[in-house]
Amino acid sequence: MVNVVIISHGEFCEGLISSLKMIAGDTYDVKAVPLSPGESPDSYREKLAEVLSGYEDHESGFLILSDIAGGTPYQSAAYLSRQFKIGLVSGMNLPMLLSLTLEKVEEDTLDSLAEKATAKASVGIQSKVFGKGEKRKRAKLSVNKDR
């Protein structure tokens with residue numbers, strides 16, 4: 001099975017794991033590897049390689065979600081593709097992570113998961129401008145019906 005690892009500058013990836021667990025009730029064996037402030041690229045690359053090596057199944061590969069393309073986490077994962085089979089997706093967000101973890105099946109390949117990660121439904125970006133005083137029915141945010 002393809003393994004999913006998320007990487008970021010700072011604690012962003014750990015926060016996504018926390019939110020994943022809050023929403024889905026599990027981490028689905030997704031591991032987070034944050035780049036700590038002041039950490040050298042070499043040190044980070046070693047830390048990431050250690051996490052990847054810790055998975056039992058290396059044959060199916062790793063889908064690595066990164067916060068931004070071109071940064072140290074992204075470049076480190078790209079470098080490690082010399083040792084590991086890696087699919088690398090930048091611009092990770094919570095809807096993307098939820099789609100991947102909740103819809104992942106044993107038969108998924110690295111290519112199919114990378115495609116799922118970048119599908120419009122997984123990206124989860126929408127916009128809506130609310131005008132001041134606009135009167136439209138919206139769902140209540142509170143479960144307390146008396147409010």
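## Phe-62 and the aromatic cluster

In this predicted model, Phe-62 has a relative accessibility of 0% and therefore counts as buried, the limit for that class being under 20%. Its ring takes part in an edge-to-face pair with the ring of Phe-84, an assignment that follows because the centres are 5.7 Å apart and the planes stand at 90°. This pair links distant parts of the chain, since Phe-62 belongs to strand 3 whereas Phe-84 lies in the loop between helix 3 and strand 4, 22 residues apart. Phe-84 is likewise assigned to the buried class, with a relative accessible area of 10%.

The structure holds 2 aromatic pairs. One of them joins Tyr-55 to Phe-62, with ring centres 5.5 Å apart and planes at 70°, so this pair too is edge-to-face. Tyr-55 counts as buried at 5% relative accessibility, and the ring pairs connect Tyr-55, Phe-62 and Phe-84 into a cluster.

## Charges over aromatic rings

Tyr-55 also has a charged neighbour, for Lys-31 lies over the face of its ring at 4.4 Å from the ring centre. A further arrangement of this kind involves Arg-45, whose charged end sits over the ring of Tyr-79 at a distance of 4.3 Å from the centre of that ring.

## Strand 3 and its partners

Strand 3, which spans residues 62–66, has 5 of its 5 residues buried, and it is therefore largely enclosed by the rest of the structure. In a regular strand the side chains alternate between the two faces of the sheet. In strand 3, Phe-62, Ile-64 and Ser-66 point one way, while Leu-63 and Leu-65 point the other way, and all of these residues are buried.

Strand 1 (residues 3–9) runs parallel to strand 3 and is joined to it by 5 bridges; within this pairing, Val-4 has Leu-63 of strand 3 as its bridge partner. Strand 3 also pairs in the parallel sense with strand 4 (residues 86–90), again over 5 bridges, and here Leu-65 stands opposite Val-89 of strand 4. Between strand 3 and strand 4 the chain passes through helix 3 (residues 72–80), and the resulting β-α-β crossover is right-handed.

## Surroundings of Ser-66

Ser-66 lies in strand 3 and, with a relative accessibility of 0%, counts as buried. When residues up to four places away in sequence are left aside, Ser-66 touches Ile-7, Pro-73, Tyr-74, Leu-88, Val-89, Ser-90, Gly-91 and Met-92. Among these contacts, Val-89 is the residue of strand 4 that stands opposite Leu-65.

## Surroundings of Ser-122

Ser-122 is found in helix 6, which covers residues 120–123, and it is buried, with a relative accessible area of 5%. With residues up to four places away in sequence again excluded, Ser-122 touches Asn-93, Pro-95, Met-96, Ser-99, Lys-116 and Ala-117. Of these residues, Ser-99 is also engaged through its side chain, which a polar contact of 3.4 Å joins to the side chain of Ser-122. Between Ser-122 and Gly-70, by comparison, the C-alpha to C-alpha distance is 22 Å, and the two residues are 52 residues apart in sequence.

Definitions and conventions:
Residues are numbered from 1 along each chain as its sequence is written. This is a predicted model: local features need pLDDT of at least 70, side-chain atom pairs count only at pLDDT 80 or more; totals for chains, interfaces and linings use all residues. Side-chain values use heavy atoms; hydrogens and water are left out. Helices (H or I, at least four residues) and strands (E, at least two) are DSSP runs, numbered from the N terminus. Buried means under 20% relative accessible area, exposed over 50%, partly exposed in between (1.4 Å probe, protein chains only). Contact means heavy atoms within 4.5 Å. A polar contact is a pair of N or O atoms within 3.5 Å; within protein, one must be able to donate a hydrogen and the other to accept it, and residues adjacent in sequence count only if both atoms are side-chain atoms. Two strands pair if DSSP finds at least two bridges between them. A crossover is right-handed if, with the strands pointing away from the viewer, the path from the first strand over the helix to the second runs clockwise. Rings of Phe, Tyr and Trp (its six-membered ring) pair if their centres lie within 6.5 Å; planes under 30 degrees apart count as stacked, over 60 as edge-to-face and the rest as tilted. A charge sits over a ring if NZ of Lys or CZ of Arg is within 6 Å of the ring centre and within 35 degrees of the ring normal.
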